[in-house]
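Work through the exercises below with the model open. Each one sets a task and then solves it in steps.

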Amino acid sequence: MHARIALCPGDGIGPEIVDEARRVLDAVAAAGGHDLTYGEHLIGGAAIDAAGTALPADTLAACAAADAVLLGAVGGPRWDDPQARVRPEQGLLALRQGLGLWANLRPVAPYPCLSEQSSLRPERLAGVDLLVIRELTGGLYFGTPKERTTGPDGRRAVDTLVYTEHEIRRVVALAFRVAAGRRGKVTSIDKANVLESSRLWRPVTVEVAADHPGIALDHMLVDAAAMRLITHPAQFDVIVTENMFGDILTDEAAVLAGSIGLLPSASLGDDRRGLYEPIHGSAPDLAGQGVANPVGTILSAAMLLRHSLGLDGEARAVERAVDQALRDGCRTRDLGGALSTAAMGAAIRERLAVDGGAASAATGSR
Ligand code: IPM
Ligand code: MG
C-alpha cells in the first residue's frame with residue numbers, strides 16, 4: 001500500500017523520538033512491501049521561532065492532506081512566558097481541532113516485567129488493561145475565545161466548559177463500540193454533582209448505552225475516579241471523559257505503567273485519518289542528549305498502522321517487538337537503564353517480526 005505520513009517532531013525530545021518511530025515504520029514498510037512517504041513540518045515552539053505562529057498554515061494543510069500525522073511533543077521553557085501572545089501548545093490544540101480529531105485513545109496496559117518501576121504494588125497492577133477515551137475538541141480546552149479573555153483590569157479570567165449533545169454522543173458512542181471488542185465495560189467519568197455540562201453528559205451517555213445492551217455502563221465522579229485509578233485500576237475497561245479530565249487522569253494512569261515515556265495515543269475523527277503522539281511532553285531537560293524513551297512514540301506509530309493504514313498485523317508486530325525488548329531487559333534511563341534513545345529504537349527493530357512468523361518477537365504475550 002501507499003500512504004503519506006506527516007511528521008511533526010516539535011520541540012525538546014520530539015525530534016529524537018519521532019526519528020526512532022519513523023525508523024520502525026520504515027522497517028515495517030520494507031518487510032511488507034509498503035510505500036510510505038514522509039513530509040516534515042513545523043509545529044509548536046520550533047514553528048514560533050521560524051514562522052511566528054505555533055501552527056503555520058502549510059503545516060495544517062500538509063497534515064490535512066496526509067493519511068496520518070506522527071507528532072513528537074511541543075513546548076519548552078523558551079516559550080513559557082505566560083504573557084506571550086503565542087504558545088507552542090496552541091499549535092497542537094489548533095491541529096487537533098483543525099483536523100476534526102474529537103477522540104483521543106490512550107491505552108494503559110502495564111508490562112509485568114516493569115512492575116518494579118511502578119509506584120504501586122505489583123498485586124494492584126495485576127490484570128490492568130484499560131483504555132481512556134478522552135474527548136479532544138471540546139470542553140474546558142475550547143471555551144468560546146471571547147469569554148476566555150481577561151477583564152478590563154486584566155485581573156479576571158474565564159474558561160468555559162461547553163459541550164453539545166452531538167459532541168458527547170459521538171465520543172461516548174465510540175467508547176461503546178470499542179468496549180464491544182474488549183471486556184464490554186464503559187466507565188463514564190464526570191462531575192455531575194457540580195457541573196451543568198456533566199448533567200448533560202450523563203443522560204446522553206445513558207441513551208447511547210440503550211443502543212448497546214451487551215455493554216455495562218457505570219458513572220463515576222472524577223475525584224472518586226482519580227482515587228479508584230490508583231486503588232483499583234484493574235476494574236476499568238474503557239473510560240470515556242471530558243477533555244481536561246482525560247488529560248489529568250492519563251498522566252495519573254502513566255504511574256501504573258511505570259513511566260510516562262511508555263504511553264502512546266491516537267487522535268481520531270470522522271474518518272481514518274489520525275494524529276499519533278506519545279502522551280508525554282517535550283522533556284526539555286532531556287532534549288538533545290539522546291536519552292529519552294522512544295517507546296511511547298513507537299507504540300503511537302503502531303496505533304497509526306492500525307487505525308489509519310488498516311495494518312493491524314503490522315501494528316501487533318510492533319507491539320510484540322516492544323514487549324520482547326522490554327522483557328529482554330532493554331531499558332532507557334526513565335526505566336532505570338542506560339540505553340540511549342537510538343539503542344532502544346534499534347533493540348525494538350531487531351525484534352520486529354512483521355510476518356508474525358517464527359522469530360522470537362512473535363511469541364509470548366505480556
Ligand atoms: C497532552 C498534553 C497536551 C494537552 C498539551 C501539551 C497541550 O498535555 O496531550 O496530554 O493538554 O492536551
Ligand atoms: Mg497531558
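**Exercise 1. Ligand contacts**

How many Å lie between a polar side-chain atom of Arg96 and an oxygen atom of ligand 1? Then describe the shell around ligand 1.

Solution. The model is predicted, so treat every distance as a computed value.
- Step 1. Take Arg96. One of its polar side-chain atoms sits 2.7 Å from a ligand 1 oxygen.
- Step 2. Apply the cut-off. A polar contact is a pair of N or O atoms within 3.5 Å, so this pair is one.
- Step 3. Repeat for Arg134. The distance from a polar side-chain atom to an oxygen of ligand 1 is 2.8 Å.
- Step 4. Repeat for Asp247. An N or O atom of its side chain is 2.9 Å from a ligand 1 oxygen.
- Step 5. Find the cover. Ligand 1 alone exposes 320 Å², and the protein buries 80% of that.
- Step 6. List the shell: Glu89, Arg96, Arg106, Arg134, Tyr141 and Asp247.
- Step 7. Sort the shell by class. Five residues are charged, one is nonpolar and none is polar.

**Exercise 2. Two domains**

Which segments form domain 1 and domain 2, and what area is buried between them?

Solution.
- Step 1. Read the domain assignment. It gives 1-102 + 263-366 as domain 1 and 119-257 as domain 2.
- Step 2. Locate the centres. The C-alpha centres of the two domains are 24 Å apart.
- Step 3. Count the contact residues. Domain 1 supplies eight and domain 2 supplies 13.
- Step 4. State the area. About 1,000 Å² is buried between the domains, with 72% from carbon and sulfur atoms.

**Exercise 3. Two loop residues**

Where is His212, and what sign has the phi of Ala283?

Solution.
- Step 1. Place His212. Its loop runs between helix 8 (196-210) and strand 7 (216-221).
- Step 2. Look beyond four places in sequence. There, His212 contacts Phe176 and Arg177.
- Step 3. Add Ala173. It is 39 residues from His212 in sequence, yet 9.0 Å away in space, C-alpha to C-alpha.
- Step 4. Place Ala283. It lies in the loop between strand 10 (274-276) and helix 11 (295-307).
- Step 5. Read its phi. The phi of Ala283 is positive, near 40°.
- Step 6. Set that against the rule. Most residues other than glycine have a negative phi.

Methods. Residues are numbered from 1 along each chain as its sequence is written. Chains are lettered from A and ligands numbered from 1 in the order in which they are written. This is a predicted model: local features need pLDDT of at least 70, side-chain atom pairs count only at pLDDT 80 or more; totals for chains, interfaces and linings use all residues. Side-chain values use heavy atoms; hydrogens and water are left out. Helices (H or I, at least four residues) and strands (E, at least two) are DSSP runs, numbered from the N terminus. A residue is near a molecule or strand if one of its heavy atoms lies within 4 Å of it. A polar contact is a pair of N or O atoms within 3.5 Å; within protein, one must be able to donate a hydrogen and the other to accept it, and residues adjacent in sequence count only if both atoms are side-chain atoms. Accessible areas come from the Shrake-Rupley method with a 1.4 Å probe; for residues, only the protein chains shown count as cover. Ala, Val, Leu, Ile, Met, Phe, Trp, Tyr, Cys and Pro count as nonpolar, Asp, Glu, Lys and Arg as charged, and the others, Gly among them, as polar. Domain bounds come from an automatic or database domain assignment. Contact means heavy atoms within 4.5 Å. Buried area is the accessible area (1.4 Å probe) that two parts lose on being put together, summed over both.
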